[in-house]
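Hi everyone, thanks for coming. Let's have a look at the structure together, and I'll talk you through a few things in it.

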Amino acid sequence: MQGRKNYTEKLFLSFQLSDRIPKENLYRRLRETLDLSFLYKDTKELYGKTGNPSIDPVVFFKLLITGYLENITSDRKLVEHCCMRMDVLYFLGYDLDEELPWHSTISRTRQLYPESLFVTLFNKVFTLCVDSGMVSGHTQAVDSAPIKANASMESVVPKMPATPMEDHLKKVSEENRETTEKRRGGVSPVRVSAPAHELKRMEKHHQNLRDSPVQLVGASHKKARLLSNKTHYNPHDPDARISVKPGKARKLNYHCSMAVDTAEGVISNIQADFADGRDSQYLKDISLKVLDRLRKNELIMTDILADAGYSNGSNYDFLEQRKITGWIPVFGKYKPKIDGFPYNREKDEYNCPMNRPIPFKGFRTNRDGSVLKCYWAAPKDCKACPMKSQCVPNTKCKKITRTIYDEQYLRAYARQHSERGKRMKNLRQSTVEPVFGSLTQFYGPRRIGVLGKAGAHKVILMAAIAFNLKKYLKKGGRKPSISILRAIMDVLQGHLSAFYRQIQPRPVLIKTR
(Lines give C-alpha, C1' and ligand atoms only; values in the text may rest on other atoms or scores of the structure.)
Protein backbone atom coordinates (compact mmCIF):
# COMPACT_ATOMS: atom_id res chain seq x y z
CA MET A 1 0.00 0.00 0.00
CA GLN A 2 1.33 3.43 -0.87
CA GLY A 3 2.33 5.49 2.11
CA ARG A 4 1.70 9.21 2.52
CA LYS A 5 3.12 11.50 5.17
CA ASN A 6 0.67 14.00 6.58
CA TYR A 7 2.35 16.97 8.27
CA THR A 8 0.60 19.21 10.75
CA GLU A 9 2.70 21.80 12.59
CA LYS A 10 2.41 21.45 16.34
CA LEU A 11 4.02 22.69 19.51
CA PHE A 12 6.73 20.42 20.90
CA LEU A 13 6.31 20.08 24.62
CA SER A 14 9.53 18.13 25.22
CA PHE A 15 12.44 18.70 22.83
CA GLN A 16 16.17 18.83 23.46
CA LEU A 17 18.36 20.27 20.75
CA SER A 18 21.37 18.24 21.88
CA ASP A 19 19.50 14.99 21.15
CA ARG A 20 19.20 15.95 17.48
CA ILE A 21 22.90 16.71 16.92
CA PRO A 22 25.11 13.69 16.06
CA LYS A 23 28.13 13.11 18.25
CA GLU A 24 30.54 13.43 15.33
CA ASN A 25 29.05 16.72 14.16
CA LEU A 26 31.64 19.46 13.62
CA TYR A 27 29.89 22.09 15.71
CA ARG A 28 29.10 19.68 18.54
CA ARG A 29 32.76 18.69 18.78
CA LEU A 30 33.74 22.35 18.53
CA ARG A 31 31.47 23.26 21.44
CA GLU A 32 32.97 20.49 23.56
CA THR A 33 36.54 21.46 22.65
CA LEU A 34 36.72 25.26 22.47
CA ASP A 35 36.63 27.14 25.77
CA LEU A 36 36.06 30.87 25.27
CA SER A 37 35.24 31.82 28.85
CA PHE A 38 38.37 34.00 29.04
CA LEU A 39 36.63 36.51 26.76
CA TYR A 40 34.39 37.74 29.58
CA LYS A 41 37.40 38.98 31.53
CA ASP A 42 39.23 40.42 28.51
CA THR A 43 36.20 42.43 27.30
CA LYS A 44 34.87 43.62 30.67
CA GLU A 45 36.63 47.00 30.45
CA LEU A 46 35.08 47.73 27.04
CA TYR A 47 31.55 48.06 28.44
CA GLY A 48 29.89 50.41 30.90
CA LYS A 49 27.97 49.47 34.03
CA THR A 50 24.61 50.85 32.84
CA GLY A 51 22.47 50.52 29.73
CA ASN A 52 21.14 47.57 27.77
CA PRO A 53 23.08 44.28 27.79
CA SER A 54 25.38 43.80 24.82
CA ILE A 55 25.85 40.70 22.72
CA ASP A 56 27.61 37.92 24.61
CA PRO A 57 31.33 38.05 23.64
CA VAL A 58 31.44 34.25 23.41
CA VAL A 59 28.41 34.24 21.10
CA PHE A 60 29.96 36.98 18.98
CA PHE A 61 33.18 35.06 18.35
CA LYS A 62 31.29 31.81 17.79
CA LEU A 63 29.21 33.59 15.14
CA LEU A 64 32.37 34.80 13.42
CA ILE A 65 33.94 31.33 13.53
CA THR A 66 30.77 29.88 12.03
CA GLY A 67 30.82 32.43 9.23
CA TYR A 68 34.37 31.59 8.18
CA LEU A 69 33.79 27.84 8.49
CA GLU A 70 30.77 28.22 6.20
CA ASN A 71 32.59 30.69 3.88
CA ILE A 72 30.03 33.43 4.57
CA THR A 73 31.41 36.97 4.66
CA SER A 74 28.12 38.90 4.97
CA ASP A 75 26.85 39.44 8.53
CA ARG A 76 23.26 39.57 7.31
CA LYS A 77 23.54 36.25 5.45
CA LEU A 78 25.37 34.74 8.41
CA VAL A 79 22.45 35.39 10.79
CA GLU A 80 19.97 34.03 8.22
CA HIS A 81 22.09 30.90 7.76
CA CYS A 82 22.49 30.23 11.49
CA CYS A 83 18.72 30.44 12.07
CA MET A 84 18.20 27.39 9.84
CA ARG A 85 20.92 25.15 11.31
CA MET A 86 20.23 23.21 14.49
CA ASP A 87 23.87 22.24 14.95
CA VAL A 88 24.95 25.88 14.68
CA LEU A 89 22.28 26.95 17.18
CA TYR A 90 23.53 24.30 19.58
CA PHE A 91 27.10 25.56 19.11
CA LEU A 92 25.99 29.13 19.81
CA GLY A 93 23.95 28.12 22.86
CA TYR A 94 20.59 29.22 21.40
CA ASP A 95 17.31 27.33 21.37
CA LEU A 96 14.90 27.05 18.47
CA ASP A 97 12.59 29.76 19.78
CA GLU A 98 15.36 32.29 20.55
CA GLU A 99 16.23 35.10 18.16
CA LEU A 100 19.82 35.62 17.15
CA PRO A 101 21.49 39.06 17.43
CA TRP A 102 20.98 41.61 14.69
CA HIS A 103 23.57 41.64 11.92
CA SER A 104 24.36 45.29 12.66
CA THR A 105 25.30 44.30 16.21
CA ILE A 106 27.97 41.98 14.84
CA SER A 107 29.46 44.79 12.72
CA ARG A 108 29.54 47.27 15.59
CA THR A 109 31.03 44.74 18.00
CA ARG A 110 33.78 43.88 15.50
CA GLN A 111 34.76 47.54 15.43
CA LEU A 112 34.60 47.79 19.23
CA TYR A 113 36.94 44.91 20.03
CA PRO A 114 40.69 45.63 19.61
CA GLU A 115 43.03 43.60 17.44
CA SER A 116 44.81 42.25 20.52
CA LEU A 117 41.68 40.32 21.50
CA PHE A 118 41.61 38.53 18.15
CA VAL A 119 45.33 37.77 18.48
CA THR A 120 44.69 36.28 21.95
CA LEU A 121 42.06 33.93 20.52
CA PHE A 122 44.45 32.96 17.70
CA ASN A 123 47.11 32.10 20.30
CA LYS A 124 44.64 29.95 22.25
CA VAL A 125 43.77 27.91 19.18
CA PHE A 126 47.43 27.62 18.19
CA THR A 127 48.22 26.25 21.66
CA LEU A 128 45.54 23.58 21.18
CA CYS A 129 47.30 22.48 17.99
CA VAL A 130 50.68 22.43 19.77
CA ASP A 131 49.33 20.31 22.65
CA SER A 132 47.93 17.77 20.19
CA GLY A 133 51.32 17.26 18.52
CA MET A 134 50.43 18.97 15.24
CA VAL A 135 53.17 21.61 15.40
CA SER A 136 56.89 20.86 15.18
CA GLY A 137 57.99 24.50 15.31
CA HIS A 138 61.49 24.13 13.86
CA THR A 139 60.57 24.77 10.20
CA GLN A 140 58.21 27.55 9.10
CA ALA A 141 57.14 28.43 5.55
CA VAL A 142 56.23 32.04 4.71
CA ASP A 143 54.23 33.43 1.81
CA SER A 144 52.05 36.42 0.97
CA ALA A 145 49.34 37.50 -1.45
CA PRO A 146 47.21 40.58 -2.12
CA ILE A 147 43.59 40.46 -0.95
CA LYS A 148 40.93 42.69 -2.53
CA ALA A 149 39.85 45.63 -0.37
CA ASN A 150 36.30 46.94 -0.04
CA ALA A 151 37.07 49.90 -2.30
CA SER A 152 36.89 50.65 -6.01
CA MET A 153 39.49 52.09 -8.36
CA GLU A 154 36.73 54.25 -9.83
CA SER A 155 36.54 56.22 -6.57
CA VAL A 156 40.20 57.20 -6.17
CA VAL A 157 40.92 60.93 -5.96
CA PRO A 158 44.17 62.92 -6.20
CA LYS A 159 46.08 63.73 -3.04
CA MET A 160 46.25 67.37 -2.02
CA PRO A 161 49.67 69.03 -1.68
CA ALA A 162 50.77 69.46 1.91
CA THR A 163 50.48 73.09 3.12
CA PRO A 164 52.08 74.92 6.05
CA MET A 165 50.17 74.94 9.34
CA GLU A 166 49.12 78.61 9.07
CA ASP A 167 47.63 78.10 5.61
CA HIS A 168 45.91 74.92 6.76
CA LEU A 169 44.26 76.61 9.76
CA LYS A 170 43.15 79.51 7.58
CA LYS A 171 41.63 77.14 5.06
CA VAL A 172 39.83 75.17 7.77
CA SER A 173 38.32 78.33 9.28
CA GLU A 174 37.09 79.42 5.86
CA GLU A 175 35.49 76.04 5.24
CA ASN A 176 33.77 76.15 8.65
CA ARG A 177 32.11 79.47 7.76
CA GLU A 178 30.70 78.07 4.54
CA THR A 179 27.20 76.71 4.34
CA THR A 180 26.66 72.97 4.93
CA GLU A 181 23.78 72.58 2.47
CA LYS A 182 25.91 70.68 -0.03
CA ARG A 183 26.78 67.98 2.49
CA ARG A 184 23.55 67.84 4.44
CA GLY A 185 23.16 64.47 6.15
CA GLY A 186 26.54 63.23 4.93
CA VAL A 187 30.06 62.81 6.25
CA SER A 188 32.97 64.86 4.99
CA PRO A 189 35.44 62.70 3.06
CA VAL A 190 38.91 61.96 4.35
CA ARG A 191 41.60 64.21 2.86
CA VAL A 192 45.09 62.87 2.42
CA SER A 193 48.00 65.12 1.58
CA ALA A 194 51.39 64.38 0.05
CA PRO A 195 54.68 66.33 -0.16
CA ALA A 196 54.65 68.87 -2.97
CA HIS A 197 57.99 67.72 -4.39
CA GLU A 198 56.72 64.12 -4.55
CA LEU A 199 53.61 65.16 -6.48
CA LYS A 200 55.71 67.32 -8.80
CA ARG A 201 58.12 64.48 -9.52
CA MET A 202 55.28 62.02 -10.25
CA GLU A 203 53.55 64.56 -12.51
CA LYS A 204 56.77 64.93 -14.51
CA HIS A 205 57.02 61.15 -14.81
CA HIS A 206 53.42 60.97 -16.04
CA GLN A 207 54.06 63.71 -18.58
CA ASN A 208 57.07 61.79 -19.92
CA LEU A 209 54.85 58.73 -20.36
CA ARG A 210 52.25 60.80 -22.24
CA ASP A 211 54.89 62.31 -24.52
CA SER A 212 56.52 58.96 -25.23
CA PRO A 213 56.20 57.85 -28.89
CA VAL A 214 55.38 54.30 -27.70
CA GLN A 215 51.94 54.47 -26.08
CA LEU A 216 51.03 52.17 -23.21
CA VAL A 217 48.38 49.47 -23.66
CA GLY A 218 44.95 51.01 -23.04
CA ALA A 219 46.24 54.59 -22.96
CA SER A 220 43.77 55.63 -25.67
CA HIS A 221 40.74 54.63 -23.57
CA LYS A 222 38.64 57.59 -22.45
CA LYS A 223 38.71 56.48 -18.79
CA ALA A 224 42.44 55.71 -18.73
CA ARG A 225 44.28 57.38 -15.85
CA LEU A 226 47.81 57.25 -14.51
CA LEU A 227 47.32 56.16 -10.90
CA SER A 228 49.88 55.78 -8.15
CA ASN A 229 49.82 55.46 -4.36
CA LYS A 230 51.99 58.60 -4.24
CA THR A 231 49.40 60.71 -6.05
CA HIS A 232 46.00 59.04 -5.44
CA TYR A 233 43.99 57.44 -2.63
CA ASN A 234 40.47 56.19 -1.95
CA PRO A 235 38.55 58.39 0.54
CA HIS A 236 36.22 55.50 1.37
CA ASP A 237 39.13 53.39 2.65
CA PRO A 238 42.40 55.38 2.82
CA ASP A 239 44.31 52.32 4.10
CA ALA A 240 43.73 50.40 0.86
CA ARG A 241 46.65 50.61 -1.56
CA ILE A 242 46.95 50.24 -5.32
CA SER A 243 48.82 47.08 -6.26
CA VAL A 244 49.15 44.95 -9.36
CA LYS A 245 49.97 41.33 -10.13
CA PRO A 246 51.57 40.32 -13.44
CA GLY A 247 48.89 39.90 -16.08
CA LYS A 248 46.11 41.48 -13.97
CA ALA A 249 44.60 44.92 -13.66
CA ARG A 250 45.44 47.30 -10.83
CA LYS A 251 43.23 47.03 -7.76
CA LEU A 252 42.96 48.37 -4.25
CA ASN A 253 44.27 45.61 -2.02
CA TYR A 254 45.71 44.68 1.34
CA HIS A 255 48.88 42.65 1.76
CA CYS A 256 48.31 39.36 3.60
CA SER A 257 51.39 37.60 5.01
CA MET A 258 51.24 34.12 6.51
CA ALA A 259 53.59 31.66 8.21
CA VAL A 260 52.74 27.94 8.23
CA ASP A 261 54.30 25.12 10.24
CA THR A 262 55.52 22.42 7.87
CA ALA A 263 54.47 19.46 10.06
CA GLU A 264 50.69 19.50 9.55
CA GLY A 265 50.09 22.85 7.84
CA VAL A 266 48.97 24.76 10.95
CA ILE A 267 49.03 28.54 10.50
CA SER A 268 51.50 29.98 13.01
CA ASN A 269 51.11 33.66 12.09
CA ILE A 270 48.99 35.82 9.81
CA GLN A 271 48.78 39.58 9.42
CA ALA A 272 47.46 42.32 7.15
CA ASP A 273 49.69 45.15 5.95
CA PHE A 274 49.62 47.90 3.37
CA ALA A 275 49.72 46.54 -0.17
CA ASP A 276 52.32 49.00 -1.47
CA GLY A 277 55.13 47.37 0.52
CA ARG A 278 57.47 44.63 -0.62
CA ASP A 279 57.41 41.13 0.79
CA SER A 280 60.97 41.46 2.07
CA GLN A 281 60.18 44.34 4.42
CA TYR A 282 57.68 42.25 6.41
CA LEU A 283 59.87 39.20 7.05
CA LYS A 284 61.48 40.54 10.24
CA ASP A 285 58.13 41.33 11.85
CA ILE A 286 56.73 37.92 10.88
CA SER A 287 59.80 36.11 12.23
CA LEU A 288 59.71 37.92 15.57
CA LYS A 289 56.03 37.16 16.08
CA VAL A 290 56.50 33.49 15.21
CA LEU A 291 59.53 33.22 17.49
CA ASP A 292 57.61 34.75 20.38
CA ARG A 293 54.59 32.50 19.83
CA LEU A 294 56.74 29.37 19.60
CA ARG A 295 58.78 30.34 22.66
CA LYS A 296 55.61 30.63 24.74
CA ASN A 297 54.77 27.08 23.65
CA GLU A 298 58.32 25.85 24.41
CA LEU A 299 59.25 25.38 20.76
CA ILE A 300 62.26 26.61 18.77
CA MET A 301 62.42 27.72 15.15
CA THR A 302 65.60 26.73 13.29
CA ASP A 303 64.64 27.06 9.61
CA ILE A 304 62.44 29.43 7.63
CA LEU A 305 61.33 28.90 4.02
CA ALA A 306 60.28 31.69 1.65
CA ASP A 307 60.35 32.60 -2.03
CA ALA A 308 62.64 35.09 -3.78
CA GLY A 309 60.36 38.01 -2.89
CA TYR A 310 61.79 37.89 0.64
CA SER A 311 65.40 37.96 -0.57
CA ASN A 312 67.18 40.80 1.17
CA GLY A 313 70.65 41.18 2.67
CA SER A 314 69.34 42.62 5.93
CA ASN A 315 66.90 39.70 6.21
CA TYR A 316 69.71 37.17 5.79
CA ASP A 317 71.75 38.97 8.45
CA PHE A 318 68.72 39.22 10.76
CA LEU A 319 68.10 35.47 10.57
CA GLU A 320 71.77 34.54 11.02
CA GLN A 321 72.03 36.66 14.16
CA ARG A 322 69.17 34.62 15.64
CA LYS A 323 70.72 31.33 14.49
CA ILE A 324 67.91 30.67 12.00
CA THR A 325 68.73 29.17 8.61
CA GLY A 326 66.95 31.10 5.88
CA TRP A 327 66.08 28.98 2.84
CA ILE A 328 65.31 31.99 0.67
CA PRO A 329 66.44 32.02 -2.99
CA VAL A 330 68.70 34.91 -3.88
CA PHE A 331 67.03 37.54 -6.04
CA GLY A 332 67.73 37.20 -9.76
CA LYS A 333 69.75 40.42 -10.16
CA TYR A 334 72.35 39.36 -7.62
CA LYS A 335 75.60 37.90 -9.00
CA PRO A 336 77.90 35.95 -6.67
CA LYS A 337 80.92 37.11 -8.66
CA ILE A 338 81.80 39.56 -11.44
CA ASP A 339 83.24 37.91 -14.51
CA GLY A 340 86.73 39.14 -15.24
CA PHE A 341 87.09 41.01 -11.95
CA PRO A 342 88.32 38.64 -9.21
CA TYR A 343 87.92 39.77 -5.62
CA ASN A 344 90.76 39.87 -3.06
CA ARG A 345 89.21 39.37 0.37
CA GLU A 346 92.35 40.25 2.34
CA LYS A 347 92.84 43.63 0.67
CA ASP A 348 89.09 44.20 0.09
CA GLU A 349 89.59 45.13 -3.53
CA TYR A 350 88.89 43.90 -7.06
CA ASN A 351 91.37 43.33 -9.87
CA CYS A 352 90.58 44.27 -13.44
CA PRO A 353 91.53 42.08 -16.46
CA MET A 354 94.71 44.19 -16.84
CA ASN A 355 95.67 43.33 -13.24
CA ARG A 356 95.00 46.86 -11.99
CA PRO A 357 93.50 47.22 -8.48
CA ILE A 358 89.98 48.58 -7.89
CA PRO A 359 90.08 49.46 -4.18
CA PHE A 360 87.25 50.16 -1.76
CA LYS A 361 86.42 53.89 -1.57
CA GLY A 362 83.38 54.26 0.68
CA PHE A 363 79.69 53.59 1.30
CA ARG A 364 76.59 54.89 -0.46
CA THR A 365 73.00 54.89 0.77
CA ASN A 366 70.10 54.50 -1.66
CA ARG A 367 66.65 56.04 -1.31
CA ASP A 368 65.25 52.82 0.10
CA GLY A 369 67.84 52.85 2.90
CA SER A 370 70.05 50.07 1.52
CA VAL A 371 73.80 50.58 1.92
CA LEU A 372 76.27 49.76 -0.85
CA LYS A 373 80.06 49.44 -0.92
CA CYS A 374 81.73 51.41 -3.70
CA TYR A 375 84.94 50.35 -5.46
CA TRP A 376 86.63 52.77 -7.88
CA ALA A 377 89.63 52.33 -10.10
CA ALA A 378 92.15 55.12 -10.53
CA PRO A 379 91.16 57.36 -13.49
CA LYS A 380 94.77 57.47 -14.74
CA ASP A 381 94.87 53.65 -14.91
CA CYS A 382 91.66 53.48 -16.93
CA LYS A 383 92.69 56.36 -19.20
CA ALA A 384 95.83 54.55 -20.30
CA CYS A 385 94.16 51.14 -20.52
CA PRO A 386 93.75 49.72 -24.07
CA MET A 387 90.45 48.04 -23.04
CA LYS A 388 88.74 51.27 -21.89
CA SER A 389 86.53 51.46 -24.96
CA GLN A 390 85.13 48.03 -24.16
CA CYS A 391 85.09 48.23 -20.34
CA VAL A 392 84.01 51.81 -19.49
CA PRO A 393 83.49 53.79 -22.72
CA ASN A 394 81.34 56.55 -21.18
CA THR A 395 82.95 57.08 -17.75
CA LYS A 396 86.38 58.07 -16.48
CA CYS A 397 87.00 54.92 -14.47
CA LYS A 398 85.58 51.52 -13.60
CA LYS A 399 83.10 51.55 -10.71
CA ILE A 400 81.79 48.49 -8.86
CA THR A 401 79.06 48.59 -6.24
CA ARG A 402 78.34 45.67 -3.92
CA THR A 403 75.98 45.22 -1.01
CA ILE A 404 77.39 45.25 2.52
CA TYR A 405 75.70 41.88 3.02
CA ASP A 406 77.70 40.17 0.30
CA GLU A 407 78.84 37.31 2.57
CA GLN A 408 75.28 36.62 3.69
CA TYR A 409 74.18 36.56 0.04
CA LEU A 410 76.92 34.09 -0.83
CA ARG A 411 75.89 31.71 1.97
CA ALA A 412 72.24 31.95 0.91
CA TYR A 413 73.26 31.34 -2.72
CA ALA A 414 75.19 28.20 -1.70
CA ARG A 415 72.22 26.90 0.32
CA GLN A 416 69.89 27.58 -2.58
CA HIS A 417 71.89 25.37 -4.98
CA SER A 418 72.49 22.52 -2.54
CA GLU A 419 70.53 19.27 -2.54
CA ARG A 420 68.85 20.16 0.72
CA GLY A 421 67.95 23.55 -0.69
CA LYS A 422 66.02 21.89 -3.50
CA ARG A 423 64.16 19.72 -0.98
CA MET A 424 63.34 22.78 1.10
CA LYS A 425 61.94 24.54 -1.97
CA ASN A 426 59.61 21.61 -2.67
CA LEU A 427 58.62 21.54 1.00
CA ARG A 428 57.66 25.21 0.92
CA GLN A 429 55.62 24.84 -2.25
CA SER A 430 53.75 21.82 -0.89
CA THR A 431 53.05 23.44 2.49
CA VAL A 432 52.23 27.13 2.45
CA GLU A 433 50.78 27.52 -1.04
CA PRO A 434 47.96 24.94 -0.62
CA VAL A 435 47.13 26.46 2.78
CA PHE A 436 46.96 29.93 1.26
CA GLY A 437 44.73 28.72 -1.55
CA SER A 438 42.35 26.91 0.81
CA LEU A 439 42.18 29.88 3.16
CA THR A 440 41.25 32.42 0.50
CA GLN A 441 38.83 30.21 -1.41
CA PHE A 442 36.96 28.37 1.35
CA TYR A 443 37.32 30.44 4.54
CA GLY A 444 36.11 33.88 3.54
CA PRO A 445 39.03 36.31 3.00
CA ARG A 446 38.90 36.30 -0.78
CA ARG A 447 37.74 39.87 -0.36
CA ILE A 448 37.93 42.08 2.74
CA GLY A 449 34.40 43.25 3.56
CA VAL A 450 35.39 45.79 6.21
CA LEU A 451 37.30 49.07 6.12
CA GLY A 452 40.76 49.88 7.42
CA LYS A 453 43.92 47.87 8.00
CA ALA A 454 42.84 47.00 11.55
CA GLY A 455 39.56 45.55 10.24
CA ALA A 456 41.42 43.59 7.54
CA HIS A 457 43.73 42.16 10.20
CA LYS A 458 40.75 40.99 12.25
CA VAL A 459 39.17 39.34 9.21
CA ILE A 460 42.19 37.26 8.25
CA LEU A 461 42.88 36.39 11.89
CA MET A 462 39.40 34.92 12.24
CA ALA A 463 39.82 33.04 8.95
CA ALA A 464 43.08 31.53 10.23
CA ILE A 465 41.41 30.63 13.56
CA ALA A 466 38.64 28.79 11.71
CA PHE A 467 41.19 27.02 9.51
CA ASN A 468 43.28 25.85 12.49
CA LEU A 469 40.20 24.76 14.44
CA LYS A 470 38.93 22.61 11.60
CA LYS A 471 42.37 21.06 11.14
CA TYR A 472 42.57 20.45 14.90
CA LEU A 473 39.20 18.68 15.00
CA LYS A 474 40.27 16.56 12.04
CA LYS A 475 43.74 15.56 13.29
CA GLY A 476 43.94 16.73 16.87
CA GLY A 477 44.54 14.29 19.69
CA ARG A 478 46.30 11.76 17.49
CA LYS A 479 49.91 10.70 17.59
CA PRO A 480 52.39 12.82 15.64
CA SER A 481 52.26 11.92 11.98
CA ILE A 482 55.11 10.55 9.93
CA SER A 483 55.59 13.99 8.32
CA ILE A 484 56.67 15.45 11.66
CA LEU A 485 59.18 12.64 12.17
CA ARG A 486 60.57 13.10 8.66
CA ALA A 487 60.92 16.85 9.20
CA ILE A 488 62.75 16.28 12.51
CA MET A 489 65.11 13.79 10.88
CA ASP A 490 65.79 16.24 8.04
CA VAL A 491 66.75 18.97 10.49
CA LEU A 492 68.96 16.62 12.52
CA GLN A 493 70.71 15.44 9.36
CA GLY A 494 71.50 19.02 8.39
CA HIS A 495 72.93 19.87 11.81
CA LEU A 496 74.99 16.68 11.91
CA SER A 497 76.45 17.40 8.47
CA ALA A 498 77.49 20.89 9.58
CA PHE A 499 78.97 19.45 12.79
CA TYR A 500 81.04 16.86 10.94
CA ARG A 501 82.37 19.50 8.57
CA GLN A 502 83.59 21.55 11.53
CA ILE A 503 85.37 18.69 13.31
CA GLN A 504 86.88 17.20 10.17
CA PRO A 505 90.71 17.34 10.57
CA ARG A 506 92.51 19.60 8.17
CA PRO A 507 95.49 18.27 6.18
CA VAL A 508 98.87 18.97 7.80
CA LEU A 509 101.63 20.32 5.58
CA ILE A 510 105.05 18.70 6.26
CA LYS A 511 108.06 20.67 5.19
CA THR A 512 110.75 18.66 3.45
CA ARG A 513 114.31 19.68 2.93
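Okay, so the overall picture: this protein has 17 helices and 15 strands. Keep in mind that we're looking at a predicted model. There are 513 residues, and 40% of them count as buried. The exposed surface comes to about 32,700 Å², with carbon and sulfur atoms supplying 52% of that. And if you take the contacts with a separation of 6 or more, 70% of them are between residues 24 or more positions apart.

Now let's pick out one helix, α16, which runs over residues 453–475. How far should its 23 residues span? At 1.5 Å a residue we expect 33 Å, and the end C-alpha atoms are indeed 33 Å apart, so the two agree. As for its surroundings, 18 of those 23 residues in α16 are buried, so the rest of the structure largely encloses this helix.

Next, a pair of helices. To describe two packed helices, people give the angle between their axes and the distance between the axes. Our pair is α11, residues 313–321, and α14, residues 406–416. Their axes come within 9 Å and cross at roughly 80°. Angles from 65 to 115 degrees count as roughly perpendicular, which means α11 is roughly perpendicular to α14.

So who meets whom? On the α11 side we have Gly 313, Tyr 316, Asp 317 and Glu 320, and on the α14 side Gln 408, Tyr 409, Arg 411, Ala 412 and Arg 415. Sort the residues of that contact by type, and you get three nonpolar, two polar and four charged.

Terms used:
Residues are numbered from 1 along each chain as its sequence is written. This is a predicted model: local features need pLDDT of at least 70, side-chain atom pairs count only at pLDDT 80 or more; totals for chains, interfaces and linings use all residues. Side-chain values use heavy atoms; hydrogens and water are left out. Axes are lines fitted to C-alpha atoms, for helices over the stretch in contact, and angles run from 0 to 180 degrees between N-to-C directions. Helices (H or I, at least four residues) and strands (E, at least two) are DSSP runs, numbered from the N terminus. Angles under 35 degrees count as roughly parallel, over 145 as roughly antiparallel, 65 to 115 as roughly perpendicular and the rest as oblique. Contact means heavy atoms within 4.5 Å. Ala, Val, Leu, Ile, Met, Phe, Trp, Tyr, Cys and Pro count as nonpolar, Asp, Glu, Lys and Arg as charged, and the others, Gly among them, as polar. The expected span of a helix is 1.5 Å times one less than its number of residues. Buried means under 20% relative accessible area, exposed over 50%, partly exposed in between (1.4 Å probe, protein chains only). Accessible areas come from the Shrake-Rupley method with a 1.4 Å probe; for residues, only the protein chains shown count as cover.
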